[in-house]
Amino acid sequence: MRVSCEVIKDLLPLCHDGVCSNDSKAMVEEHLAECENCKAELQAMDEIIPMRNTGQNLREAESIKQLSKKWRKGMLKSFLKGALITVAALVVLALIFYLFMDVRLT
């Protein structure tokens with residue numbers, strides 16, 4: 001059975017990563033024995049992908065780290081503020097009950 005290069009190109013990443021079935025792998029290997037274009041494409045997957053704009057990527061990563069720090073710091077402040085308000089409200093309620101409701105804790 002003759003399989004088109006398009007189908008093989010869809011299967012190449014799976015074969016390259018070793019996650020395709022044995023039948024698919026056999027079909028790809030059979031095709032690669034005859035097709036130089038697909039064989040070259042498979043070999044290109046082994047090459048290191050060049051990264052562009054590494055300086056910009058590093059700046060963006062640093063900005064994200066700083067934003068994350070600020071966010072965590074803000075979350076901690078919000079939590080502490082909420083806890084303080086809750087404790088204050090409970091103290092006020094306890095005082096109201098104690099002073100005006102004539103409830104004695106014994």
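**Figure 1. The packing of helix α1 with helix α3 in a predicted model.** Axes are lines fitted to C-alpha atoms, for helices over the stretch in contact, and the angle between two of them is taken between their N-to-C directions, on a scale from 0 to 180 degrees. In this predicted model, helix α1, which covers residues 5–17, packs against helix α3, which covers residues 36–44, at an angle of about 30 degrees, and their axes are 10 Å apart. Because angles under 35 degrees count as roughly parallel, α1 and α3 are described as roughly parallel to each other. The crossing that these two helices make is right-handed. On the side of α1 the contact is made by C5, I8, K9, L12 and H16, while α3 contributes C38, E41 and L42. Sorted by class, the residues of this contact of α1 with α3 are 5 nonpolar, 1 polar and 2 charged.

**Figure 2. The packing of helix α1 with helix α2.** Helix α2 covers residues 22–34, and here α1 and α2 pack at an angle of about 120 degrees, with a distance of 10 Å between their axes. The two helices α1 and α2 are therefore oblique to each other, and α1 passes α2 in a left-handed crossing. The residues that make the contact are C5, I8, L11, L12 and C15 from α1, together with S24, K25, M27, V28, H31 and L32 from α2. In this contact of α1 with α2, 8 residues are nonpolar, 2 are polar and 1 is charged.

**Figure 3. The crossing of helices α2 and α3.** The axes of α2 and α3 come within 6 Å of each other, and they cross at roughly 115 degrees. From α2, the residues H31, L32 and E34 take part in the contact, and from α3 the residues E36, C38, K39 and L42 do so. When the residues of this contact of α2 with α3 are divided by class, 3 are nonpolar, 1 is polar and 3 are charged.

**Figure 4. The surroundings of H31 in helix α2.** H31 has a relative accessible area of 5%, and because buried means under 20%, this residue counts as buried. Leaving aside residues up to four places away in sequence, H31 touches R2, V3, S4, C5, I8 and C38. H31 also belongs to the contact that α2 makes with α1, and it takes part in the contact between α2 and α3.

**Figure 5. The position of D23 in helix α2, and its separation from Q66.** D23 is found in helix α2, and with a relative accessibility of 67% it counts as exposed, whereas H31 is buried. In sequence D23 and Q66 are 43 residues apart, and in space they are 49 Å apart, from C-alpha to C-alpha.

**Figure 6. The protein as the setting for these close-up views.** The protein has 4 helices and 0 strands, and along the sequence it follows the pattern α-α-α-α. Its radius of gyration is 33 Å, well over the 13 Å that the globule rule gives for 106 residues, so the protein is more spread out than a compact globule. Along its principal axes, the C-alpha trace spans about 95 × 40 × 20 Å. Of the 106 residues of the protein, 11% count as buried. Among the contacts with a separation of 6 or more, 52% are accounted for by residues 24 or more positions apart.

Notes: Residues numbered from 1 in each chain as written. Predicted model: local features only at pLDDT ≥ 70, side-chain atom pairs only at ≥ 80, totals over all residues. Heavy atoms only, no water. Buried < 20%, exposed > 50% of the residue type's maximum accessible area, 1.4 Å probe, protein only. Contact = heavy atoms within 4.5 Å. Parallel < 35°, antiparallel > 145°, perpendicular 65-115°, else oblique. Left-handed = near helix turned anticlockwise from the far one by under 90°. Nonpolar A, V, L, I, M, F, W, Y, C, P; charged D, E, K, R; others polar. Rg over C-alpha atoms; globule rule 2.2 N^0.38 Å.
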